[in-house]
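Subject: A structure for you to look at

Hi there,

Here is the structure I promised to pass on. Have a look around first, then read on for what turned up.

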Amino acid sequence: MTSAPPLAERLDGLLFFPVTAYGPDGAPDLAAFRAHVRGGIDAGAAAVFACCGTGEFHALTPEEFRDCVAAAVQEAAGRVPVLAGAGYGTALAARYARLAEEAGADGLLAMPPYLVVADQAGLLRHYTELAAATALPVIVYQRDNAVFTPATVAALARTPGVIGLKDGLGDLDLLQRIISAVRTEAEGKEFLYFNGLPTAELTGLAYRGLGVRRYSSAVFAFAPEIATAFHRALADGDDKLVARLLDGFYRPLVELRNQGRGYAVSLVKAGVRLRGTDVGPVRPPLSEPAPEHVEALAALIQQGLALVGAQAAAGGR
């Protein structure tokens with residue numbers, strides 16, 4: 001029996017960040033969560049990132065986190081890798097990392113530390129200790145209070161277990177300098193970069209200009225047909241379809257997302273419900289989107305599906 005390739009070789013393609021399903025009693029609904037994960041894998045996800053930002057990592061107890069990660073691992077059954085979130089302070093982040101490892105996860109997405117604004121030495125120590133807590137490969141998430149200098153990322157790239165950086169900041173000048181520093185100071189180590197902005201497709205062309213082709217797709221959670229069509233068009237250089245989807249779906253989606261706080265999660269969850277999987281509401285402190293915004297999302301999904309359908313019909317003639 002041959003072993004699976006290293007995680008770094010298995011992360012090309014659409015990266016699926018499932019929402020966490022809750023039942024009427026407010027507890028995680030593992031059956032609905034499994035169905036959601038299964039649907040994403042069947043739709044062509046290259047990897048599952050369970051219990052991360054879109055999966056309301058912040059709202060889960062350690063026990064709920066462990067159960068959800070284990071459910072995702074069981075549902076994936078080795079077909080695609082499963083990565084899990086790990087965050088808060090260093091001790092708790094290490095605990096979540098060990099729970100993810102026990103649940104069978106293939107890797108970790110290291111979320112920013114809780115609340116504090118640390119200096120670069122403190123951030124480097126935090127992620128170094130987190131990477132040492134398990135044998136799981138770690139992708140570090142740059143955003144909010146975890147913003148790194150190029151020298152810090154080069155040091156992270158040299159750290160055993162750290163395999164990549166997910167950029168949720170969007171400062172392309174900084175990211176270019178980070179890429180250059182890692183290339184020249186990380187002893188030739190391969191290092192992965194991901195566009196991790198909330199609707200990453202909108203900036204896909206810009207990130208590709210820096211050589212960053214991997215990205216997380218929140219849209220894939222509720223409209224895999226649209227996300228897949230965009231991903232394929234971007235890879236194939238189909239500029240016309242990329243422009244149509246940007247103008248007719250992604251830009252309006254971002255403008256809708258910006259209408260409410262927390263919509264990067266709650267609007268995605270509403271989209272999953274609109275497509276037929278009852279994953280329940282978000283947990284506090286997040287709130288549900290306004291009814292008129294859910295209606296607008298429903299119309300926008302249909303508009304995006306029509307754009308993809310029209311393209312498929314044109315391609316078949």
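Before the surface figures, one term: accessible areas come from the Shrake-Rupley method with a 1.4 Å probe. Please keep in mind that this is a predicted model. The accessible surface of the protein chain comes to about 13,400 Å², and carbon and sulfur atoms account for 54% of that surface.

Now for the overall build. The protein chain has eleven helices and eight strands. Its radius of gyration is 19 Å, close to the 20 Å that the globule rule gives for 317 residues, so the chain is as compact as a globular protein of that length. Along the principal axes, the C-alpha atoms fill a box of roughly 50 × 45 × 45 Å.

What share of the 317 residues counts as buried? The figure is 53%. If you look at contacts between residues at least 6 apart in sequence, 73% of them join residues at least 24 apart.

As for charges, the chain carries 28 positive and 33 negative ones, and the mean positions of these two groups are 3 Å apart.

One helix is worth a visit: H5, residues 150-157. Why is H5 described as largely enclosed by the rest of the structure? Seven of its eight residues are buried, so the description follows from that count. The buried ones are Pro 150, Thr 152, Val 153, Ala 154, Ala 155, Leu 156 and Ala 157. They pack against two helices, H4 (120-132) and H6 (172-185), and two strands, S5 (138-142) and S6 (162-167).

Happy exploring!

Key. Residues numbered from 1 in each chain as written. Predicted model: local features only at pLDDT ≥ 70, side-chain atom pairs only at ≥ 80, totals over all residues. Heavy atoms only, no water. Buried < 20%, exposed > 50% of the residue type's maximum accessible area, 1.4 Å probe, protein only. Helix = DSSP H or I, 4+ residues; strand = E, 2+ residues; numbered from the N terminus. Contact = heavy atoms within 4.5 Å. Rg over C-alpha atoms; globule rule 2.2 N^0.38 Å. Lys, Arg positive; Asp, Glu negative; His and termini not counted. Charge placed at Lys NZ, Arg CZ, Asp CG, Glu CD.
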